[in-house]
Amino acid sequence: MPNSLIPLLLTLKVAGCATLAAFAIGVAFAFLLARVRFPGREWVDALLTLPLVMPPTVLGYYLIVVFGRRGWIGQWLYEAFGVTLMFTWQGAVLASAVVSLPLVFKAARTAFEGVDPNLERAARTLGLSEAGVFIRVSLPLAWRGIMAGTMLAFARAMGEFGATLMVAGNLPGKTQTLSLAVYDAVQAGNDRLAAILVLITSLVCVVILVFSGKILKTQYLKEVDR
Amino acid sequence: MKRKLVVCVVAALAFFGLSWMGPSRASAEQELIVSAAASLTNAFQEVGRKFEKANPGIKFVPNFAASGALLQQIEKGAPVDVFASADQKTMDQANEKKLILPETRKNFASNGLVLILPAGSKAPIKSPQDLNANEVTKVAIGNPDTVPAGRYAQEVLKNEGLWEKLSPKFIPAASVRQVLDYVTRGEVDAGFVYSTDAVIAGDKVQVVATLGKHKPILYPTAVVAATQKKDLARRFIDFVLSKEGQETLSKFGFGKP
C-alpha cells in the first residue's frame, strides 16, 4: 500500500522537523522570558502565543505575505539563493512549526518559572557558569513540562492542515501530508483510500500518545516506588 | 465577583440563544442553492442578482468549487437545488448516480483554455512545449481528479506528448481559481485556466497561448434530483438560458453553448 505510506512518512518527517524547530525556538524564548525582565516582555509572549488562537488560514496568509516568492523575505531568498519555500516540504515544516510553537513555548515558560530560584543560586555559589546552571539545573528541572509541551506540539504538527495547504500546497508525494491526503481523497470521492488513510492516522496517533504517556508517567512512578 | 460572573453567563446565553433563533426567522424567504463550477463565480453572482430581482422573495445562494468536489457534496446529501458543472464528464457521473433529473439537463455556455504567466514574467514561454525549459520549475494545473480545467489541460498535454515529461513540475490546485491565484501572486511560472478566468485577473496575468486539442468546453446544468424546489430550480435554469442570462454570461467572456 505505498499510496498511503508515502503521506505517512512525509507527515512524520514534516512533523518531526517542525517539532525540532518549535522546540529550539520555544525553549530559548521561554527561558529568556522566564528569567530576564525587559520592556515589552508580555508583548513578545503574546506574539509567540498568537498562532494558538489565530485561525491557521490567517497564519497561512501571513506566511505567504512574508515567505511567498514576492514576499518580504521570500523575494530576497529567491533572488539571493534561488530558493522558495512555497510548494516544498520545507514550507510545510515552516507552517507546522509556527502553528505548534506556542505549545512548546507556553509549557516551557511555565516549567522554567516553576523552578526554585534557590536551586539555581546554590548551583552558582558552587561554581557553575550560567550555561552550566541552565544545562545541569534549570533544564533538567523543567524537562517534564517541556516534554509535555513538545508532545502536544508534535501532535498539532501532525494534524496541521490550513496553513500547510496555503504555503506548501497539496502536491502528492511532495507536500501532501496525511491530513491533506484525506481531504483530497474525500473530494475526489475515493472513499476507500480515505478510509485507509483515516485508519492509519488514528492508529499512529494512538500509538504516539500511549508511548509518550508511558515515557512521561513511568518516571513519576519510579520515584514513588523508590 | 460572583455577580459579574452571573451577568457574563446570562449575557453569553442570551447572545447564543438569539443568534440561534436568528436564521430561522429570516428563512421566510425561499432559498435557491446553486452549486456551480469555480470558473462561474463572477458570472453567476451577477446572474443570481438579476434572478433575485426578477423573482422577489427568492434568495440566491451560490456554492462555488471545483465541479468534482461539488458532485461529491451532492452525492453526500448536500441540500443543493441546481448543479452547473464545467464539463460533460462530471454531469455524466451525476447522471449515472441518479443525482440529477436528466430531462432538465441543458448546456448553457462554452469556454476556452489558455496558458497564462504572471504579469511581468520574462520567461520565454509561448506555447505548452516551452514549459520544458529548465528555468520553468512550477506549472499550476487543476487537479484532474476533481477540476475540469485540469482535465482539459491534461488532455492537451497528452495530445502534445508533454504530460509525462512535465508532470514533475505540476502544482495541483483544488480549483481553476486557485490556479489563477497562484499565477497572479507569482508563486508559479505558468498555469492553465479558462479564458474567462484570465479576463477576471486583468493585467495581473498575461495570456501567452490559447489551446486547442481538447474536447469542446461546454457547461451543462441540471436540476438536482433530491431538491424539494423543482419548479424554482427549473425557473433558474430557464433564466440562465434566457436572453438576459446569456447576455450576462457573454459579458464575462463565456461563449454560446
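In this predicted model, the buried residues of helix α4 of chain B are covered by surroundings that include α3 (67-75), β3 (82-84), α5 (148-159) and β10 (217-223) of chain B. The buried residues of α4(B), a helix that spans residues 88-96, are B:T90, B:M91 and B:A94. These three lie on the same side of α4(B), because the arc that they cover around the axis is only 95°. An α-helix has 3.6 residues a turn, so residues three or four places apart point the same way. After α4(B) comes B:K98, which has a positive phi, near 60°.

**Domains of chain B**

Chain B is divided into two parts, with domain 1 made up of residues 28-110 + 218-251 and domain 2 of residues 111-211. The centres of domain 1 and domain 2 of chain B, taken over C-alpha atoms, are separated by 27 Å. Across the boundary, 16 residues of domain 1 of chain B are in contact with 16 residues of domain 2 of chain B. On the side of domain 1 of chain B that touches domain 2 of chain B, at least two residues each are supplied by α2 (41-54), α3 and β4 (106-111) of chain B, and the largest share, 3 residues, comes from α3(B).

**Contact between the chains**

Where chain B meets chain A, 13 residues of chain B are in contact with 12 residues of chain A. The elements of chain B that give two or more residues to the side touching chain A are α3 and β7 (170-173), and α3(B) gives the most, with 4 residues. Helix α3(B) thus appears in three settings: in the cover of the buried residues of α4(B), on the side of domain 1 of chain B that touches domain 2 of chain B, and on the side of chain B that touches chain A. The table sets out the two contacting sides by residue class.

| Side | Nonpolar | Polar | Charged |
|---|---|---|---|
| Domain 1 of chain B, touching domain 2 of chain B | 7 residues | 8 residues | 1 residue |
| Chain B, touching chain A | 4 residues | 4 residues | 5 residues |

**Chain A**

Chain A has 10 helices and 0 strands, and its C-alpha atoms fill a box of roughly 65 × 50 × 30 Å, taken along the principal axes. Of the 226 residues in chain A, 37% are buried. Among the contacts in chain A with a separation of 6 or more, 73% are between residues 24 or more positions apart.

Terms used. Residues are numbered from 1 along each chain as its sequence is written. Chains are lettered from A and ligands numbered from 1 in the order in which they are written. This is a predicted model: local features need pLDDT of at least 70, side-chain atom pairs count only at pLDDT 80 or more; totals for chains, interfaces and linings use all residues. A residue is buried if 20 or more other C-beta atoms lie within 10 Å of its own, exposed if 12 or fewer, and partly exposed in between; C-beta atoms are placed from the backbone. The arc is that of the directions from the helix axis to the C-beta atoms. Two residues are in contact if their C-beta atoms, placed from the backbone, lie within 7 Å. Domain bounds come from an automatic or database domain assignment. Ala, Val, Leu, Ile, Met, Phe, Trp, Tyr, Cys and Pro count as nonpolar, Asp, Glu, Lys and Arg as charged, and the others, Gly among them, as polar.
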